[in-house]
Amino acid sequence: MKASRTYSLPADFLSELERKFFWWEPVGSQPRSEIRIVAQAMSLAPFDDVRRLEAVLGPHRLVDVMLEAQPGWISDKSWEFWRGRLQLATGRAIPQSPPRRSFDAEVF
């Protein structure tokens, strides 16, 4: 698994997203990652927040979030929305489907 990028997003913006799109406490003692907060916002945001995400983060950072998202972080519907929007804006390749969980055990 590759290391996640950190972007030093504006703390007030990140805090606002977390309050708005998470209604449960973090699991364990670690705070949520920036990538997790942004991915949740990408999955649940209404259009005015979509525009704010684009303005504050920019399309390339949003693609990075999509490519680093874990299974279940971004819904199929939101993935398709963002994929179409961000591929057009950046020209970067984005998989057709969000990451999926695999329940098949590896055999060594």
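Start by selecting helix α3 (residues 47-57) together with α5: the two pack at an angle of about 40 degrees, and their axes lie 13 Å apart. An angle of about 40 degrees makes α3 oblique to α5. Look along the pair and you will find a right-handed crossing of α3 and α5. To see what makes the contact, show the side chains of Phe 47, Val 50, Arg 51, Leu 53 and Glu 54 on α3, then Phe 81, Trp 82 and Arg 85 on α5. Colour the residues of this contact by class and you get five nonpolar, three charged and no polar.

**Zoom out to the whole chain**

A word on what is on your screen: this is a predicted model. Its mean pLDDT is 88, and 89% of the residues of the protein reach 70 or more. If you colour by pLDDT and go element by element, helix α5 (residues 76-90) has the highest mean, 97, while helix α1 (residues 11-21) has the lowest, 93.

Switch to a cartoon view and the protein shows five helices and zero strands. Following the chain from the N terminus, the order of elements reads α-α-α-α-α. The protein has 108 residues, of which 38% count as buried. For a contact map, take pairs at least 6 apart in sequence: 62% of those contacts join residues at least 24 apart.

**Next selection: α2 and α4**

Now pick α2 and helix α4 (residues 59-68), which pack at an angle of about 100 degrees with their axes 10 Å apart. Angles from 65 to 115 degrees count as roughly perpendicular, and α2 and α4 therefore belong in that group. On the α2 side, display Ile 35, Val 38, Ala 39 and Met 42; on the α4 side, display Leu 62, Val 65, Met 66 and Glu 68. By class, this contact of α2 with α4 holds seven nonpolar residues, one charged and no polar.

Stay on α4 for a moment. Which residues of α4 are buried? Select Leu 62, Val 63, Asp 64, Val 65, Met 66 and Glu 68 to see them. The partners to switch on around them are α2, α3 and α5, against which the buried residues of α4 pack.

**A stop at Ser 43**

Go to helix α2 (residues 34-44) and centre on Ser 43. Is Ser 43 buried or exposed? Its relative accessible area is 16%, so Ser 43 counts as buried. Leaving aside residues up to four places away in sequence, the neighbours that Ser 43 touches are Trp 73, Ile 74, Ser 75 and Ser 78. Of the helices on this tour, α5 (residues 76-90) is a handy one to keep displayed here.

**Last stop: Arg 32**

Finally, move to the loop between α1 and α2, where you will find Arg 32. With a relative accessibility of 17%, Arg 32 is buried, since the cut-off is under 20%. Try a distance label from Arg 32 to Glu 18: these residues are 14 apart along the chain, and their C-alpha atoms are separated by 8.7 Å. Then list the contacts of Arg 32, again without residues up to four places away in sequence: Glu 18, Phe 22, Trp 24, Glu 25, Pro 26 and Ile 37. Keep Glu 18 and Arg 32 on screen together, as Glu 18 is one of the residues that Arg 32 touches.

Conventions: Residues are numbered from 1 along each chain as its sequence is written. This is a predicted model: local features need pLDDT of at least 70, side-chain atom pairs count only at pLDDT 80 or more; totals for chains, interfaces and linings use all residues. Side-chain values use heavy atoms; hydrogens and water are left out. pLDDT is the predictor's confidence in each residue, from 0 to 100. Helices (H or I, at least four residues) and strands (E, at least two) are DSSP runs, numbered from the N terminus. Axes are lines fitted to C-alpha atoms, for helices over the stretch in contact, and angles run from 0 to 180 degrees between N-to-C directions. Angles under 35 degrees count as roughly parallel, over 145 as roughly antiparallel, 65 to 115 as roughly perpendicular and the rest as oblique. A crossing is left-handed if the near helix is turned anticlockwise from the far one by less than a right angle, and right-handed if clockwise. Contact means heavy atoms within 4.5 Å. Ala, Val, Leu, Ile, Met, Phe, Trp, Tyr, Cys and Pro count as nonpolar, Asp, Glu, Lys and Arg as charged, and the others, Gly among them, as polar. Buried means under 20% relative accessible area, exposed over 50%, partly exposed in between (1.4 Å probe, protein chains only).
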